[in-house]
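I opened this entry to record what I looked up in the structure, going from one local feature to the next.

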Amino acid sequence: MITLYGWGPMFDCPSPSPYVMKSEIQLQMLGVSFDRALADLDAVSKHKAPYLRDGDLLIQDSNFIRSHFEKKLGKSLDAGLSDAQRAAGWALERMAEGHLADVMVMERWLKDENFFKGPAHFFDGVPAGMREDVMKQAREGVAATKHGQGIGRHSEAERLDLGARDIEAIARQLADRDYLFGDEPAAADASVSGVLISSATEFFDTPLKDLIRNHANLVAYMDRIRAKYFARNLWPSFEMA
Ligand SMILES: N[C@@H](CCC(=O)N[C@@H](CS)C(=O)NCC(=O)O)C(=O)O
């Protein structure tokens, strides 16, 4: 039995996590049948979702979930791509996850109006007397991590300027194609679209969404991905108060 652990629809996105969206898309692309269950981060050593159980095997991280099934099934999500396209796909994926997603996380977690309508609800289960402290610590943790990475040392305008360049690069690569490299999706489409959908959701108040929505090809791309992979929600519900 194969179970993907994560979270389903939240914040007007198929998942609050771009990485859960990525694994969900990649498993569907590979034709894997799987169940979906709510993540329990305390149950796994990396304390992150997505993670997946394939029988007795626990696989943590969307990248390793992908490679596990590519090996097991003898398939590549990048079959049909040239070497240069594979290289570009990996680079775009790393840019989306390792840079644009940081800008998105800072918009969600560090702006009060976004945090209290969104991520704050992850803490609804914490006893009321401790909740405020736990949330404060979590937000301070996000701020410290981003400061350590360097992105948190920029002003919001500078971060958004850098994010806009990522978005521009994705829009240029996509051009008038259906997917990043042609008529069929490849591995990077799962990653890049998850980060775009997360960044462009109308749920949060952030200039990021217009930076993305100003590109008509990106809007059509996000709609295409949602229709193909997220037409039906198969996740158990995560109650937000
Ligand atoms: N590199 C990981 C990133 C996963 C990740 O950052 N997941 C976030 C949710 S978007 C998480 O579980 N965060 C919980 C935490 O940091 O405590 C992957 O690709 O799976």
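**Loops, ligand shell and a helix pair**

I began with Asp-12, which is found in the loop between β1 (2-6) and α1 (18-30). The model I am reading is a predicted one. Asp-12 has a positive phi of about 60 degrees although it is not a glycine, and I noted it as exposed because 11 other C-beta atoms lie within 10 Å, where 12 or fewer is the cut-off for that class.

I then turned to Asp-61, which sits in the loop between β4 (57-60) and α2 (62-73) and has a positive phi of about 95 degrees, although it is not a glycine. With 16 C-beta neighbours inside 10 Å, I entered Asp-61 as partly exposed.

Asp-61 also belongs to the residues around the ligand, and I listed with it Ser-17, Tyr-19, Leu-41, His-47, Lys-48, Ala-49, Pro-50, Ser-62 and Asn-63. By class, I recorded this shell as four nonpolar, four polar and two charged residues.

Within that list I checked the peptide bond from Ala-49 to Pro-50, which is cis, with omega near 10 degrees; Pro-50 lies in the loop between β2 (35-38) and β3 (51-54).

Last, I looked at helix α7 (residues 187-200) and helix α9 (residues 216-229), whose axes come within 10 Å and cross at roughly 110 degrees, so I put α7 down as roughly perpendicular to α9. Ser-193, Leu-196, Ile-197 and Ala-200 of α7 make the contact with Leu-218, Tyr-221, Met-222 and Ile-225 of α9, and I classed the residues of this contact as seven nonpolar, one polar and no charged.

Key: Residues numbered from 1 in each chain as written. Predicted model: local features only at pLDDT ≥ 70, side-chain atom pairs only at ≥ 80, totals over all residues. Near = placed C-beta within 6 Å. Nonpolar A, V, L, I, M, F, W, Y, C, P; charged D, E, K, R; others polar. Axes fitted to C-alpha atoms, helices over the stretch in contact; angles between N-to-C directions. Helix = DSSP H or I, 4+ residues; strand = E, 2+ residues; numbered from the N terminus. Parallel < 35°, antiparallel > 145°, perpendicular 65-115°, else oblique. Contact = placed C-beta atoms within 7 Å. Buried ≥ 20, exposed ≤ 12 C-beta atoms within 10 Å, placed from the backbone.
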